[in-house]
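Me: Hello! I have just opened this model and would be glad of a guided look at one part of it. Please start with the overall layout and then take me in closer.

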Amino acid sequence: MVESRDCVTATEASAIDLDLVRLAQAGDAEAFGELVERNRRAVFRAALACVGNPAEADDVAQEAFVTAYRKLSTFRGEAQFRTWLLSITWRKAIDRRKSVSRWLKIAVAPARDESGDDAFNQMERVASRDRSQEDTIVDEELQRNVTRLIGTLPRKLRDALLLAGTGEHTYEQISEMLGAPLGTVKWRVSEARRVLKKKLAALGYAYE
């Protein structure tokens with residue numbers, strides 16, 4: 001069994017995953033169980049970004065892991081295991097989303113992207129013109145507005161923004177998951193943020 005380690009680089013983590021995949025392909029059930037534990041959080045958050053409901057996201061995650069286990073023999077290592085797994089997750093989540101009658105509101109917390117920058121840093125700099133001493137109340141109102149406005153974005157912009165906002169995925173992984181070129185994904189995230197900034201300005205929020 002490959003030992004898990006804390007504070008490993010992305011390259012080291014990928015190598016560990018690959019070793020575990022090879023063991024699992026050879027019939028080691030414990031190795032696949034470790035793959036599940038290592039990737040559970042990323043899979044759940046990707047599913048949540050798509051379906052917007054924790055219970056639904058948990059179901060999607062379970063379906064994704066079952067599918068990955070069944071298809072493990074087809075994994076050849078051309079991409080990182082996590083990227084391959086997240087692509088499966090996204091397809092499952094899209095199928096689930098299509099079956100849901102309407103979107104539930106999604107609460108998006110600020111997160112860091114792979115460059116270390118705040119994924120929603122421009123949202124954190126937004127301040128109400130009438131901002132009072134009650135920062136908590138103002139922040140909650142802003143969060144509700146951001147959540148609502150994200151729901152009004154075109155699907156392609158919304159999906160890219162939500163995936164970037166989880167802080168779990170590189171742009172390369174998001175590109176694989178959405179089946180879109182890397183440059184297109186980066187543009188979608190940037191455009192989504194620009195549109196949100198404009199919509200928030202129309203509601204009376206000003207940027208510092």
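Which pattern does the chain follow when read along the sequence? After that, please take a close look at helix H7 (residues 155-165).

Reply: Happy to help! Please keep in mind that this is a predicted model. Read along the sequence, the chain goes α-α-α-α-α-β-α-α-α-α-β, which comes to nine helices and two strands.

A little background on the whole chain will help before we move in. There are 208 residues, and 44% of them are buried. If you take the contacts with a separation of 6 or more, 65% are between residues 24 or more positions apart in the sequence. The chain exposes about 11,600 Å², with 49% of that supplied by carbon and sulfur atoms.

Now to H7. Nine of the 11 residues of this helix are buried, so H7 is largely enclosed by the rest of the structure. The buried ones are Leu-157, Arg-158, Asp-159, Ala-160, Leu-161, Leu-162, Leu-163, Ala-164 and Gly-165. Just after the helix, Gly-167 takes a positive phi of about 75°.

Leu-163 is a good residue to zoom in on within H7. Its relative accessible area is 0%, and because buried means under 20%, Leu-163 counts as buried. Leaving aside residues up to four places away in sequence, Leu-163 touches Ala-46, Ala-49, Trp-90, His-169, Ile-174, Met-177 and Leu-178. You can also look across from Leu-163 to Val-189: they are 26 residues apart in sequence, and their C-alpha atoms are 9.2 Å apart in space.

Two of the residues that Leu-163 touches, Ala-46 and Ala-49, lie within the range of helix H2 (residues 29-51), and that helix is worth a look too. The axes of H2 and helix H3 (residues 54-70) come within 8 Å and cross at roughly 135°. That angle makes H2 oblique to H3, and the crossing is right-handed. On the H2 side, the contact is made by Phe-32, Val-36, Asn-39, Arg-40, Val-43, Phe-44, Ala-47, Leu-48 and Val-51. The H3 side includes Pro-54, Ala-57, Val-60, Phe-65 and Tyr-69. Taken together, the residues of this contact divide into 15 nonpolar, two polar and three charged.

So, to come back to your chosen part: H7 is largely enclosed by the rest of the structure, and Leu-163 within it has a relative accessible area of 0%.

Conventions. Residues are numbered from 1 along each chain as its sequence is written. This is a predicted model: local features need pLDDT of at least 70, side-chain atom pairs count only at pLDDT 80 or more; totals for chains, interfaces and linings use all residues. Side-chain values use heavy atoms; hydrogens and water are left out. Helices (H or I, at least four residues) and strands (E, at least two) are DSSP runs, numbered from the N terminus. Buried means under 20% relative accessible area, exposed over 50%, partly exposed in between (1.4 Å probe, protein chains only). Contact means heavy atoms within 4.5 Å. Accessible areas come from the Shrake-Rupley method with a 1.4 Å probe; for residues, only the protein chains shown count as cover. Axes are lines fitted to C-alpha atoms, for helices over the stretch in contact, and angles run from 0 to 180 degrees between N-to-C directions. Angles under 35 degrees count as roughly parallel, over 145 as roughly antiparallel, 65 to 115 as roughly perpendicular and the rest as oblique. A crossing is left-handed if the near helix is turned anticlockwise from the far one by less than a right angle, and right-handed if clockwise. Ala, Val, Leu, Ile, Met, Phe, Trp, Tyr, Cys and Pro count as nonpolar, Asp, Glu, Lys and Arg as charged, and the others, Gly among them, as polar.
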